[in-house]
Structures are given as structure tokens and as C-alpha cells.
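Biologist: I should like to discuss the aromatic rings of this structure. Please show me the model before we begin.

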Amino acid sequence: MSLNTQILMAAILGVAFGFLLNLYPQTQFFDSSLYILGLVSSIFIGLLKMLIVPLIFSSIVVGVSNLEAGGQFSRVWKITVLCFLTTTTLALGLGLLCAHVFEVGKGMNITTFASAMQAHQSVDSLTPSSFLTHFIQNTLINPFKALSEGNLLAVVVFALLIGVALVHGGDRYQVFRKLSQQFFELMMTLVGWVMKLAPLGIFALLAKLMASEDISVLSRLAEFAAVVTGTTLFHGVVVLPLLLWVFGRMHPLRFFRGARLALLTAFATSSSSATMPLSIKCAQQNLGVRPQTAGFVIPLGTQLNMDGTALYEAAAALFIANLIGLDLTIGQQVVVCLTAMIASLGAPGIPSAGMVTMIMVLQSVGLPAEAIAILLPIDRLLDTVRTAVNVQGDMMISVVVDRYAQDVDLRPEQHS
């Protein structure tokens with residue numbers, strides 16, 4: 001049985017067991033079950049928290065340090081990164097906009113995470129200028145202090161600087177680059193081990209949530225799933241094709257005909273990394289992208305460009321804040337956007353990777369990591385759609401970059 005099937009079954013059984021516990025409130029069975037479920041869920045969440053900082057740090061260092069193919073200051077590099085930032089920013093804005101318009105999660109007040117919210121530090125009283133000062137002072141700090149305290153934004157800034165320094169230093173830092181790559185692979189091995197415990201952890205989290213809260217939380221979850229799915233599809237069917245038509249001079253119908261095999265594979269596998277070879281093939285053979293451009297942009301996009309993931313995580317943070325009864329300020333929503341963008345950069349291209357990086361987004365504004373339990377029943381379903389949009393964005397940007405860099409020679413031996 002695949003891990004995805006195990007997670008789905010665990011989610012269903014967890015919800016069912018939570019309903020069963022509701023039939024026996026204020027009994028020894030209820031209290032003992034909640035204690036055991038809390039213990040198991042705490043172990044699972046604790047393992048994810050333990051790995052998130054070294055995973056994000058190593059992923060960003062390796063990702064940035066491997067981007068020297070084509071030259072750090074070449075026009076291809078600049079156009080590619082500009083496209084990545086543009087589409088991701090649009091996805092973030094769209095996700096937050098729809099979450100506000102539809103007010104997903106408003107009107108509820110989940111008490112399960114009340115204890116985890118006691119340490120939350122609100123910045124409601126800060127003016128925009130004070131918030132910016134507060135943000136900088138808590139981001140540009142001693143990296144060892146940031147690592148020990150789990151200050152993810154500060155860790156990310158330091159990782160970005162290390163990655164850029166590795167690119168600038170070239171072969172001088174080859175040993176450290178290899179060490180970073182091995183450390184990242186080691187972290188991915190540990191993540192793989194923790195994910196084997198995911199069915200048990202998900203069962204415990206959902207059972208505890210359903211036993212402690214009203215069943216109406218499921219209806220709110222269904223509303224959120226519908227809003228996020230519709231928003232993600234709008235980004236993939238309207239926003240990205242419009243950008244392609246304006247800047248890539250390619251008709252959207254031609255793009256979808258040429259890219260449909262890769263998009264269907266991404267939808268079925270929920271893995272942009274597994275789809276990458278097929279994405280490159282479709283871009284070259286069906287969309288007319290030069291092999292050099294496709295071989296540079298698409299692997300780079302698989303690591304750095306995840307529109308669907310960024311949109312989902314930004315909207316999910318606002319949804320959970322609404323459920324808990326916390327109104328995020330404009331400054332906090334800016335932090336959510338920045339963190340979701342960074343988290344999408346550091347997210348491995350594997351199924352349910354967003355569940356790992358989602359913790360980073362929640363903690364950036366003081367939301368409890370345990371709240372991912374609310375999202376787990378729909379995560380796998382939404383993962384299929386957002387992965388397809390991630391892959392679509394990579395292929396679309398390869399078309400745009402190829403149009404604006406026809407005169408640039410990217411030698412095949414430069415690709416990684």
C-alpha cells in the first residue's frame with residue numbers, strides 16, 4: 001500500500017474514531033484516548049518541527065548554490081528569476097484576496113489550540129514603519145541564535161546569503177557545496193522516515209480534533225477546499241495563460257495541447273520532480289522551446305517556482321487564523337506572503353511536501369503547528385491540483401524565457 005493511500009485511510013479512520021469518542025464524553029475511555037492521541041500527535045509534530053529548520057536551511061543553500069548554470073548575471077538568469085517572482089507574487093495575492101472575499105473559516109473559534117496560542121506575540125499596535133523595524137531586527141540576527149530559536153525567516157536570509165556566496169566563490173567552495181548537498185540528502189532521508197509515521201500521526205491529530213471540536217469544522221474545511229481549488233484553477237487557466245499570451249506570444253490552446261501529458265502526469269503523481277523529465281520533453285518537442293532553455297529553466301523552476309504551493313499556503317494560514325479567531329494584521333499578512341514564497345522555494349518536489357513547509361508559514365505569525373491537522377483531510381486532494389499548476393508555471397516560463405533570450409547561448413554542459 002502506497003504512502004498516499006495509507007495517509008488517506010488514516011485521515012478517514014481518524015475522523016471516524018473522533019466521532020466515536022464523541023459518543024462517550026466524560027468517560028475514562030474518552031480521557032485515556034485523548035491522552036494517547038495527544039501523545040502520538042505531539043511526537044509526530046515534534047519530529048516535523050525538529051527537521052524543518054535544517055531542511056529549509058540546507059534546501060535553500062543547495063538550491064541557490066546550484067544555480068550558477070548559465071552565469072549568475074546573464075540575461076537568461078535575470079529573466080527567469082523575474083518570471084518566477086512575478087508569477088509567485090500574483091499567486092500569493094490571488095490566494096489572500098480570495099480568502100478575504102470568501103471569508104473562509106470566519107465565525108468559528110476552535111479551542112483545541114488555545115494553549116499553543118498563549119505564547120503568541122501580537123504586533124497589532126505597531127505602525128507600518130515600526131513593523132518594518134521590528135521585522136528587520138528579528139530577521140537580521142545572529143544565525144546561530146536563529147537556528148537555536150527556530151527563527152525561520154532569519155535562517156532563510158542566512159541560507160540565501162550562504163548560497164549566493166557559494167555561487168560567487170565558484171570552485172573555491174566546492175567541498176562545502178558537496179557537504180551541503182550531502183547534508184540536504186541526509187535531511188531528506190530523515191523526512192522520509194518521519195513521513196512513514198505520517199499515517200499514525202495524521203490519525204491521532206484528526207481523531208483528537210474531531211473529538212474536541214464541533215462537526216461544523218468539516219463544512220468549513222469543505223468550503224476552504226472549494227475556494228482554494230477554484231482559485232488555483234483560476235491562476236492556472238486564466239492568469240498564467242494570459243501572461244503566456246502577452247509575453248510569450250503563444251496561444252493558450254496550443255500550450256495546453258502541447259503540455260497536457262506533463263500536466264496529467266503532475267496531477268496523477270503530485271510530484272513536480274517526477275514530472276520534470278516529461279515537462280522538458282513536452283517543452284522541447286511540442287512547444288518549440290530550445291533544449292538549452294528548457295534544460296535550464298524547468299529544473300530551476302522545479303526547485304524555486306511553485307505558484308500553487310505558495311497560493312495554498314498563504315490562503316491556508318489565513319483560514320487557520322480565522323478558525324482560531326485571530327485577525328492577522330496587514331503586516332502579519334505580508335510576513336505570511338514572504339514566508340509562503342520562501343517556503344515554496346524550499347519545498348522538495350515530492351508528494352505532501354507542502355505539509356512540511358506549511359509549519360514554517362504558520363509559525364511565522366505565531367500560529368500553532370498542530371493546526372495542520374485541520375488541513376490534512378484535504379491536503380492530498382489539493383496537492384494534485386497545485387502540483388499541476390506548479391508544473392504548468394515552469395513550462396510557461398520556459399516559453400517566455402526562450403522568446404526573450406533567443407540570442408543567448410546556454411551550453412548544454414552548463415546545466416545541472
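Biologist: Which residues do ring pairs link into a cluster?

Modeller: This is a predicted model, in which local features need pLDDT of at least 70, side-chain atom pairs count only at pLDDT 80 or more, and totals for chains, interfaces and linings use all residues. Residues are numbered from 1 along each chain as its sequence is written, and side-chain values use heavy atoms, leaving out hydrogens and water. Rings of Phe, Tyr and Trp (its six-membered ring) pair if their centres lie within 6.5 Å; planes under 30 degrees apart count as stacked, over 60 as edge-to-face and the rest as tilted. The cluster joined by such pairs consists of Phe-17, Tyr-24, Phe-29 and Phe-203.

Biologist: How many residues apart in sequence are the parts tied together by the pair of Phe-224 and Tyr-312?

Modeller: The structure holds seven aromatic pairs. One of them, Phe-224 with Tyr-312, is tilted, at 6.4 Å centre to centre and 45° between the planes. Phe-224 lies in helix α9 (residues 216–248) and Tyr-312 in helix α13 (residues 307–324), helices being DSSP runs of H or I with at least four residues, numbered from the N terminus. The pair therefore ties together parts whose separation in sequence is 88 residues.

Biologist: Which charged end sits over the ring of Tyr-312?

Modeller: A charge sits over a ring if NZ of Lys or CZ of Arg is within 6 Å of the ring centre and within 35 degrees of the ring normal. For Tyr-312, the charged end lies 4.2 Å from the ring centre and belongs to Arg-386.

Terms used:
Helices (H or I, at least four residues) and strands (E, at least two) are DSSP runs, numbered from the N terminus.
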